[in-house]
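Please look over the structure below. The report that follows takes up helix packing, an annotated segment and a sheet.

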Amino acid sequence: MTVTLRYAARSDVGLVRSNNQDSAYAGPNLLVVADGMGGHAGGDVASALTIAALVGLDRPDHSSDQSMSELERSIDRARQDLVDATTADPDLAGMGTTVTALLKSGNTLAMAHLGDSRAYLLRDSTLAQVTVDHTFVQHLVDTGRITPDEAESHPQRNVVMRVLGDFDLDLTPDLSIREAVPGDRWMLCSDGLSGFVPDDEIAEVLVSVTTPQDAVERLVSMSMRAGSTDNITVVVADVLDEAAAATTAVTVTPEIVGSAALAGVTAGGDDMVSPTSLPGSDIDGDTVTSFTRSTVPGGGQPATSPIAVSVLPEAVAQDGLADTLEQAMLAGGPEEEQYQPDIQPDDDLDEEVDEEEATPKKRVWLTVLGALLLVVGLVLAGWGGFRWTQTQYYVGESDGQVAVFRGIPATVGPLTFSTPVELTGTRVDELPEFVANRVHESIRATSLEDARGRADRLIEDATEEPEPTVSPSPTSTPTSTPTATDEPTGGSSPKPERASNDSGQEKNG
């Protein structure tokens, strides 16, 4: 069974960024999204170079057995292009890019993935994320240290652990083979979409919007309404069988969007033709809708160079990106095409001078802003602590009296954290010494009522008069029947003794 892809691609610089570092490609046999990183003159170059290294794969002659290995080799070639570009221009050092790609071969799709761009599959109205983010927070989720919900708001959610970079290190992408099922809808996107629009809202659009072109437009708009702070790039492709393809308008013109389009990347081979020679080339600064394809030799592989890059005229190229790409990709060509030091126009030099002058001012403002934020944080923390102290109560001394206090018995310099709210009228110096000492040390309470009760009990216990103790008297001891022999002896002591003896005799009698 032969299947066909109906596709569309869209990329937008977004609401915050000054340049678009994303690139994407959508063609009859190849879908790619690359999210560049590396600053002003790095991320856009990295993503454009990656697209340029992969566009040569957009051919119908791949075998299912070889498509995955061919995709892996092209990604490794892109990595080497990044290394060569950095060697040629050290200012690009540190650049890198994500890459998520699907290569159709017959009724199968080979997938390669590095980074935090994503591939989603909509099948039977159910959306599933197919790729796994190569991020720090995803590692924390995989190891059970945080939940997926916590990962969405984690402060390090944008830290990517595996990317295609300019370092001379082979990082093998995640590779897999999947069946191209008619009726499936695939979506590839950068985190400018997936990081700001929930999956259920993405699924709703992919289910309800009929054409890929309308779907990508709607998704980019949703991302901007959600406040996306990143570049936004989306590719949507439908898998059609022969019958559906025959009744559906299916374009065979690849779409290149983002920084790759601005750099003039075109699909091509060893017979490279510049876009300026293409009649009717439609370049709007965001999408290249016309391209040049070379003839593939009988062996099914490009002859010498698997891809080629055509560079737009200087009026279209931005920030020297096209020059950098051309020099990097032609580094292995004839001697006259070898890399030469890039001589920047005066306007670029002026911009660099302005940026250098603005840098110290920016640092000063950042320092001032940081100090203000620190002060505000300390004030808020102090105010919160003071509010808590005003929910506490204790018993102590005020103006020489036993008093109930609100707050805590503490001071910091001239500041005190308690105030007397009730005076009992009882002088502390009239209390027994051990009670007065307790008042001086303060008696903590759980509430105002508890503090009042503790003060009242303390005063009552301290001022209560002791009851007199009754001494034993001679007549207090009961005696048996008086005897005739009892005679006074002139003292009271013998009487109790005698009574005691009589009583004892009675108990023994």
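The sections below go through selected features of this predicted model.

## The α1–α2 helix pair

Helix α1 covers residues 43-54, and helix α2 covers residues 67-88. Their axes come within 8 Å. They cross at roughly 140 degrees. Angles over 145 degrees would count as roughly antiparallel. α1 and α2 are therefore oblique to each other. The crossing of α1 and α2 is right-handed.

On the α1 side, the contact is made by A46, L49, T50, A53 and L54. On the α2 side, these meet L71, S74, I75, R77, A78, D81, L82 and A85. The residues of this contact divide into 9 nonpolar, 2 polar and 2 charged.

## The annotated segment 364-386

UniProt lists residues 364-386 as "transmembrane region", in an unreviewed entry. In the model, this span is 100% helix and 0% strand. The C-alpha atoms at its two ends lie 33 Å apart.

## The four-stranded sheet

An open sheet is built from 4 strands, in the order β17-β16-β15-β18. Its pairing is antiparallel. Strands β17 (415-427) and β18 (443-445) form the edges, each pairing on one side only. On average, neighbouring strands of this sheet are turned by 40 degrees against each other, direction ignored.

Strands of a sheet pair through backbone hydrogen bonds, either parallel or antiparallel.

## Strand pairs within the sheet

How many bridges join β16 to β17? There are 8, and the two strands run antiparallel. Within the β16–β17 pairing, A403 stands opposite L423 of β17. The hairpin of β16 and β17 has 2 residues between the strands. In this hairpin, G413 takes a positive phi near 60 degrees.

At the β18 edge, the partner strand is β15, residues 393-398. β15 and β18 pair in the antiparallel sense over 3 bridges. Which residue of β18 is the bridge partner of Y393? That partner is A445.

## A helix across the sheet

Helix α12 spans residues 433-441. α12 lies across three strands: β15, β16 (401-412) and β18. Relative to β15, α12 runs at about 115 degrees.

## Summary

The α1–α2 pair crosses obliquely, with a right-handed sense. The segment 364-386, annotated in UniProt, is helix throughout in the model. The sheet is open and antiparallel, with β17 and β18 at its edges. Helix α12 lies across β15, β16 and β18.

How values were computed
Residues numbered from 1 in each chain as written. Predicted model: local features only at pLDDT ≥ 70, side-chain atom pairs only at ≥ 80, totals over all residues. Heavy atoms only, no water. Axes fitted to C-alpha atoms, helices over the stretch in contact; angles between N-to-C directions. Parallel < 35°, antiparallel > 145°, perpendicular 65-115°, else oblique. Left-handed = near helix turned anticlockwise from the far one by under 90°. Contact = heavy atoms within 4.5 Å. Nonpolar A, V, L, I, M, F, W, Y, C, P; charged D, E, K, R; others polar. UniProt positions renumbered as here; feature names shortened; annotations may be inferred. Pairing = 2+ DSSP bridges.
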